[in-house]
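Colleague: Please walk me through the ligand site in this model, slowly enough for a first-year student. After that, I'd like to hear about some of the other parts too.

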Amino acid sequence: MSSTLLIRQAEISDIKQIMEINKLCLPENYSFDFFYHILSNYGEDCAVAIEEEEIIGYVLSRIEKTFVSLIGIPNFKGHIISIAVLPEFRRKNVGYKLMKFVMERMINKGINTIYLEVRKSNYPAIELYKKLNYNFKRQIENYYRDGEAALIMEWKKQTAN
Ligand SMILES: CC(C)(COP(=O)(O)OP(=O)(O)OC[C@H]1O[C@@H](n2cnc3c(N)ncnc32)[C@H](O)[C@@H]1OP(=O)(O)O)[C@@H](O)C(=O)NCCC(=O)NCCS
């Protein structure tokens, strides 16, 4: 990887390239409206990787309200929605840097827990998440349209005892 790699916040104008990479790399393809919704509402927590002025990877994430406590205090979690790096740029730390970028953004907003779903057979992605200290939480059978199970993996901020 040359030293020109740039990771920056995703913009709505990146939508076409993000959708192309998503189609090329993943069986989970979302509608234009879905990408538009995520980028316009949660763009701060989404990022693209740029090499020689071309987008070569992206990550979409958002902060979600998970529950409100009995005394009315809301709880929030980060959710990694989708990540992909073009095949010719893989194993060059791009995915790791994309994840770090959005995780740091969410952590700076006070998020202590981040979760994601990953296909049980997706070894490269599972290894990436393990390297980032995500732990296996549970398995959901038949999560994907083709019947494959999803692993739910979760990152938690370390608290000093
Ligand atoms: C998963 C994906 C985003 C990883 O992107 P990447 O840029 O190749 O990953 P990185 O180079 O940043 O890898 C970081 C670490 O992840 C792990 N890793 C990544 N790819 C791996 C592979 N093929 N085999 C084993 N470990 C792998 C390694 O621990 C690696 O660290 P190392 O290179 O020091 O060993 C990429 O493979 C991809 O786009 N896959 C298709 C889309 C996809 O499956 N997305 C995830 C959906 S949940």
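Modeller: Let's start with Asn93: one of its backbone N or O atoms lies 2.8 Å from an oxygen atom of the ligand. That is a polar contact (a pair of N or O atoms within 3.5 Å; within protein, one must be able to donate a hydrogen and the other to accept it, and residues adjacent in sequence count only if both atoms are side-chain atoms). Bear in mind that this is a predicted model, where local features need pLDDT of at least 70 and side-chain atom pairs count only at pLDDT 80 or more, while totals for chains, interfaces and linings use all residues. Residues are numbered from 1 along each chain as its sequence is written, and side-chain values use heavy atoms, with hydrogens and water left out.

Asn93 has company. A polar backbone atom of Arg91 is 2.8 Å from a ligand oxygen, and a polar backbone atom of Tyr96 also sits 2.8 Å from an oxygen of the ligand. On its own the ligand has 920 Å² of accessible area, and the protein covers 80% of that (Shrake-Rupley method, 1.4 Å probe). There are 22 residues around the ligand, and Ile83, Val85, Asn93, Gly95 and Asn122 come nearest; to be counted there, a residue needs a heavy atom within 4 Å.

Arg91 deserves a second look. You'll find Arg91 in the loop between β4 (74–85) and α3 (94–108), where helices (H or I, at least four residues) and strands (E, at least two) are DSSP runs numbered from the N terminus. Arg91 counts as exposed, because its relative accessibility is 85% (exposed is over 50%, buried under 20%, partly exposed in between, with a 1.4 Å probe and protein chains only). Its phi is near 60°, a positive value in a residue other than glycine. Most residues other than glycine have a negative phi. Asn133 has a positive phi as well, near 70°. Asn133 lies in the loop between α4 (123–131) and β6, and with a relative accessible area of 52% it is exposed.

Back to β4, on the other end of that Arg91 loop: His79 lies in this strand. With a relative accessible area of 8%, His79 is buried. Its side chain makes polar contacts with two other side chains: that of Glu64 at 2.7 Å and that of Tyr115 at 3.3 Å.

Now for a strand with plenty of cover. Six of the seven residues of β7 (residues 150–156) are buried, so this strand is largely enclosed by the rest of the structure. Strand β5 (residues 113–119) runs antiparallel to β7, and seven bridges join the two; two strands pair if DSSP finds at least two bridges between them. In this pairing, Val118 stands opposite Leu151 of β7. Strand β6 (residues 135–140) is also antiparallel to β7, with five bridges joining them, and Glu154 in β7 is the bridge partner of Asn135.

Let's finish on Leu151, which is found in β7. Leu151 is buried, at 11% relative accessible area. Follow the chain back to Ala10, 141 residues apart from Leu151, and their C-alpha atoms turn out to be separated by 26 Å.
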